[in-house]
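Student: Could you take me through how to read a model of this kind, one feature after another?

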Amino acid sequence: MLVRSLRVFGLYHPAQFFSGSKTMATIPVKNGNPMELLIRDKLVRQFSPVHLDIINESYMHNVPKGSETHFKVVVVSDKFENTSLLQRHRLVNEILQNELKNGVHALSIVAKTPSQWEDSSKVTEKSPACKGGFGR
């Protein structure tokens, strides 16, 4: 519960892993990223995720430095149980429709149930390079 509370306030970034000793490591959230924090807040409120990564991929595109226009979200939630992948994507897009109309140009979505996440490698694949931008 503490982790979810900290996540809502942007004090905790759930990009986490557990070592063999079950020690949790965290990556702090940058406070100067208002769009990222807004996306995080909406996804946490709607899905109460057990794991959430929000990756700003704007640097891979031909946009000004510090832009928040291209994101990948990894959402792992019990609320995706008995829901098709297409429906999961629709749910995330619906929650973020205002952001997609007002600044977010691209959104890549990975939406899994906790059991799917546990059975996976827990590694988010790197997005392909942008062919029209810097493509780093």
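The dialogue below goes from the sheet to the helices and then to the charged side chains.

Tutor: Keep in mind throughout that this is a predicted model.

Student: Let us begin with the sheet: which order do its strands have, and what is their pairing?

Tutor: One reads a sheet by following its strands from neighbour to neighbour. Here the sheet is open and has 3 strands in the order S3-S4-S5, with mixed pairing. Because S3 and S5 each have a single partner strand, they stand at the edges, and one side of each is left without a neighbour in the sheet. From one strand to the next, the twist averages 10°.

Student: Where does the mixed character come from, and how many bridges join S3 to S4?

Tutor: Each pair of strands is taken in turn. Strand S3, residues 51–56, is joined to S4 by 6 bridges, and these two strands run antiparallel, with Asp53 standing opposite Val74 of S4. On the other pairing, 7 bridges join S4 to strand S5, residues 106–112, and here the two run parallel. Along that parallel pairing, His70 stands opposite Ala106, Lys72 has Ser108 as its bridge partner, and Val74 stands opposite Val110.

Student: Is strand S4 enclosed by the rest of the structure or open?

Tutor: Burial is judged residue by residue, and the two faces of a strand are then considered separately. In S4, residues 70–76, 7 of the 7 residues are buried, so the strand is largely enclosed by the rest of the structure. Both of its faces are covered: His70, Lys72, Val74 and Val76 are buried on one side, and Phe71, Val73 and Val75 are buried on the other.

Student: Which residues make up the covered face of S5, and which the uncovered one?

Tutor: The covered face of S5 consists of Leu107, Ile109 and Ala111, whereas Ala106, Ser108, Val110 and Lys112 form the uncovered one.

Student: Turning to the helices, where does H3 lie, and at what angle to S5?

Tutor: For a helix on a sheet, one asks which strands are involved and how the directions compare. H3 lies across S4 and S5, and runs at about 130° to S5. H3 comprises residues 85–95, and Arg88 has its place there.

Student: What should the 14 residues of helix H2 span?

Tutor: The test is to set an expected length beside the separation of the two ends. At 1.5 Å a residue, H2, residues 34–47, should span 20 Å, and its end C-alpha atoms are 20 Å apart, which agrees. Just after H2, Ser48 takes a positive phi of about 40°.

Student: Which residues of H2 are buried?

Tutor: They are Met35, Glu36, Ile39, Arg40, Asp41, Leu43, Val44 and Phe47.

Student: Now the charged side chains: how many salt bridges does a search of the whole structure find?

Tutor: The search finds 4, and it is useful to ask of any such pair where its members lie and how accessible each of them is. Among them is the pair of Asp41 and Arg45, whose closest N and O atoms are 2.8 Å apart. These two residues are 4 residues apart in helix H2, and are therefore separated by about one helical turn. Asp41 is buried, at a relative accessible area of 18%, while Arg45 is exposed, at 60%.

Student: Which partner does Glu99 have in a salt bridge?

Tutor: Glu99 forms one with Lys42, again with 2.8 Å between the closest N and O atoms. Since Glu99 lies in helix H4, residues 97–101, and Lys42 in helix H2, the pair ties together parts that are 57 residues apart in sequence. The relative accessible area of Glu99 is 2%, so Glu99 is buried, whereas Lys42 is partly exposed, at 25%.

Student: And with which residue does Lys72 form a salt bridge?

Tutor: Lys72 is joined to Glu57, the closest N and O atoms being 3.9 Å apart. Lys72 lies in strand S4 and Glu57 in the loop between S3 and S4, so this pair ties together parts 15 residues apart in sequence. Lys72 counts as buried at 6% relative accessibility, and Glu57 is buried as well, at 9%.

Student: Finally, which side chain of opposite charge is nearest to Arg88?

Tutor: It is Glu81, 6.4 Å away, and Arg88 has no salt bridge although it is buried. Leaving aside neighbours within four places in sequence, Arg88 is in contact with Phe80, Thr83, Ala111, Lys112, Thr113 and Gln116.

Conventions. Residues are numbered from 1 along each chain as its sequence is written. This is a predicted model: local features need pLDDT of at least 70, side-chain atom pairs count only at pLDDT 80 or more; totals for chains, interfaces and linings use all residues. Side-chain values use heavy atoms; hydrogens and water are left out. Buried means under 20% relative accessible area, exposed over 50%, partly exposed in between (1.4 Å probe, protein chains only). Two strands pair if DSSP finds at least two bridges between them. The expected span of a helix is 1.5 Å times one less than its number of residues. Lys and Arg count as positive and Asp and Glu as negative; His and the chain ends are not counted. Contact means heavy atoms within 4.5 Å. Axes are lines fitted to C-alpha atoms, for helices over the stretch in contact, and angles run from 0 to 180 degrees between N-to-C directions.
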